[in-house]
Amino acid sequence: INPADWPRDDAWAVRRLPSPRLDSTGHVSSLFQASEPGTFDDDEVLDQQQENPQQNVFEKDASTNNSIGAIEVKTYPEVSAVPRANSHNNFAILIHLKAPHTSGGLNSRNQTIFSPSTQNSRAPVDLVTVLDVSGSMAGTKLALLKRAMGFVIQHLGPSDRLSVIAFSSTARRLFPLRQMTETGRQEALQAVNSLTSNGGTNIAEGLRKGAKLIVDRKWKNPVGSIILLSDGQDTYTVSSPSGSHSRTDYKSLIPPSIQRNGGTGLRVPVHTFGFGADHDAASMHSISEISGGTFSFIEAEGVIQDAFAQCIGGLLSVVVQEACVKLECAHPNLLINSIKAGSYRTSVTADAKAGSVDVGDLYAEEERDFLVTVNVPVDESCDEMSLLKVRCIYRDPISKEMVSLEEDNEVKIQRATVIGQPIVSMEVDRQRNRLRAAEAIAEARAAAEHGDLTGAVSLLESCRRALSETISARSGDRLCVALCAELKEMQERMANRRVYESSGRAYVLSGLSSHSWQRATARGDST
């Protein structure tokens, strides 16, 4: 989804509003003066009629090459051959997934555009936005937030449902989950545009109501998500003295129902947005990480709409759910050493013969790379050795059925008596570089939090130098160039304590969020 192609003049969010309705006494009837029910089970009924045509569309498409296709799975061994007489410990195998595309329209740059008209080729969404309207949001910030919300409302389709929660010292629900039909949109716009800012920042209370809405709803769209935006520190729940960022404080901000808890939670990610220089990046990052969402840093106020667009573009293109990659050793003497998958949950059986990666939802055309290491034993008896069998299962969000890819993907290498200089797989090298960069960023962040900015910068610099000498860097690989640029930018944002506190921490944490989920995040004004 490419924000650059949208018209810039989107003041319609404020312009095209119906005039407020007056009640019999001549007062403007406000959507949030009504008292809230104890249980949020007053969500708008999902039109069950609508779900069946969607299913038929999918079945009909399957015969005409126009359907949402299957996940693509590719595997790459580190080298294609290992001498028979040698063992090779920590032999790397890359597992690459690519989600199918939706049959949405394409714009002039061949990028998919998600609009209400592509409703049939994607899963409908239940979206709860939890918005900070404390005193510090007054003026430009609130105006930009309203405009960005107008954009979100315009891009939701009639099967999608939206609810908005506004919080300052307390939190209130502006309206229940309701479908974004023409009427639904108009009323949502009206509610958002009547927001005013004052009071403190009670993030925990906003999130509590957001989670309650998701838990209490009577009906469920296949995709559910919470978007949280705040420009400040939670002044009610987290009571750590500033600067001491201990993780324990942040869990108290997140209702237990939306914590992932090793896969037992609700699977409703909270995508967090830190707005401006004063937000609490450490808590926003923790909230997203614990719930399975991403953290974006909106440094320049004007990019709020682009940041929202990036997130919404993903949520409106979920083509795969509950994806899981299953691995099995194909040789009796082979053992799985490790599975590197960032924040995705991995497991390896006690005998190290099988493992899995819990991938979850994928947006259209998203890619995931997981690096598995195995110990390759000596084997004098064969010319070719099978290492791993890889299988992927997932739920199709439109047909709601589980899909298992027909054939297993088998990873094989040659075992010859003598082999020349082995050629390292470029794909494996690139992902090793990405993981190495992500590890260096995490270590640098830890050093910076302990006050050692000089150590943090030198960690990033030595990683950058190591990356620039790899085979993929030497061949001008674009990912490698981007990683080196990212490490350089982070060094600059750790130049001194003032820079680190105002923008460095948030920039680094949104970078870590992006790496750990392999998903786009907005951070600063960098591309």
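## A charged patch on the surface

Let's start with glutamate 410: its relative accessibility is 35%, so it counts as partly exposed. To be called buried, a residue has to be under 20%, and to be called exposed it has to be over 50%; partly exposed covers the range in between. Keep in mind that this is a predicted model. Glutamate 410 sits in strand E18, which covers residues 409–414.

Which residues join Glu410 in a patch of negative charge? The patch on the surface gathers Glu328, Glu384, Glu406, Glu407, Asp408 and Glu410. If you have the structure open, try picking out these six names and see how they gather on the surface.

## The whole chain

Now zoom out. The protein chain contains 13 helices and 18 strands. It has 527 residues, and 54% of them count as buried. About 22,400 Å² of the chain is exposed, with carbon and sulfur atoms supplying 50% of that area.

How much of the contact list comes from residues 24 or more positions apart? Take the contacts with a separation of 6 or more: residues 24 or more positions apart account for 76% of them.

## Salt bridges

Side chains of opposite charge can pair when their charged atoms come close. How many salt bridges does the structure hold? There are 27 of them.

One of these pairs is glutamate 78 with arginine 432, whose closest N and O atoms are 3.0 Å apart. This pair links distant parts of the chain, with their positions 354 residues apart in the numbering. Glutamate 78 is in the loop between strand E1 (72–77) and strand E2 (88–98), while arginine 432 belongs to helix H9 (residues 426–449). Is glutamate 78 buried or exposed? With a relative accessibility of 10%, glutamate 78 counts as buried. Arginine 432 comes in at 26%, so it counts as partly exposed.

## A pair in a helix and a pair across strands

Next, look at aspartate 216 and lysine 212, whose side chains meet in a salt bridge at 2.8 Å, N to O. Both lie in helix H5 (residues 203–216), and they are four residues apart, about one turn of the helix. Aspartate 216 counts as buried because its relative accessibility is 18%, and the cut-off for buried is under 20%. Lysine 212 has 24% relative accessible area, so it is partly exposed.

Strands get in on this too. Aspartate 358 and arginine 345 form a salt bridge, with 3.1 Å between the closest N and O atoms. They are 13 residues apart and link distant parts of the chain: aspartate 358 is in strand E14 (residues 354–363), and arginine 345 is in strand E13 (residues 345–348). Aspartate 358 is buried because its relative accessible area is 16%, whereas arginine 345 is partly exposed at 41%.

Salt bridges can also join up into a network, and here that network links Arg445, Glu449, Arg497, Glu501 and Arg505.

## A nonpolar patch

Charge isn't the whole story on the surface. Val424, Met426 and Ile471 form a nonpolar patch there, and together they have about 200 Å² of accessible area. Methionine 426 is placed in helix H9. Its relative accessible area is 33%, so methionine 426 is partly exposed.

## Serine 404 and its contacts

Serine 404 is in strand E17, made of residues 402–404. With 35% relative accessible area, serine 404 is partly exposed. What does serine 404 touch, not counting residues up to four places away in sequence? It touches Arg391, Cys392 and Ile393.

Now compare sequence with space. Serine 404 and alanine 70 are 334 residues apart in sequence, and their C-alpha atoms are 9.3 Å apart in space.

## Two positive phi angles

Most residues other than glycine have a negative phi. Asparagine 90 is not a glycine, yet its phi is positive, at about 50 degrees. You'll find asparagine 90 in strand E2, and its 44% relative accessibility means that it counts as partly exposed.

Glutamate 322 also has a positive phi, near 50 degrees, in a residue other than glycine. Glutamate 322 is part of strand E11, residues 318–329. At 33% relative accessibility, glutamate 322 counts as partly exposed.

Notes:
Residues are numbered from 1 along each chain as its sequence is written. This is a predicted model: local features need pLDDT of at least 70, side-chain atom pairs count only at pLDDT 80 or more; totals for chains, interfaces and linings use all residues. Side-chain values use heavy atoms; hydrogens and water are left out. Patches are made of residues with over 30% relative accessible area and no salt bridge: like charges are joined within 9 Å, nonpolar side chains (Val, Leu, Ile, Met, Phe, Trp, Tyr) within 5 Å. Accessible areas come from the Shrake-Rupley method with a 1.4 Å probe; for residues, only the protein chains shown count as cover. A salt bridge is a side-chain nitrogen of Lys or Arg within 4 Å of a carboxyl oxygen of Asp or Glu. Lys and Arg count as positive and Asp and Glu as negative; His and the chain ends are not counted. The place of a charge is taken as NZ of Lys, CZ of Arg, CG of Asp or CD of Glu. Buried means under 20% relative accessible area, exposed over 50%, partly exposed in between (1.4 Å probe, protein chains only). Contact means heavy atoms within 4.5 Å.
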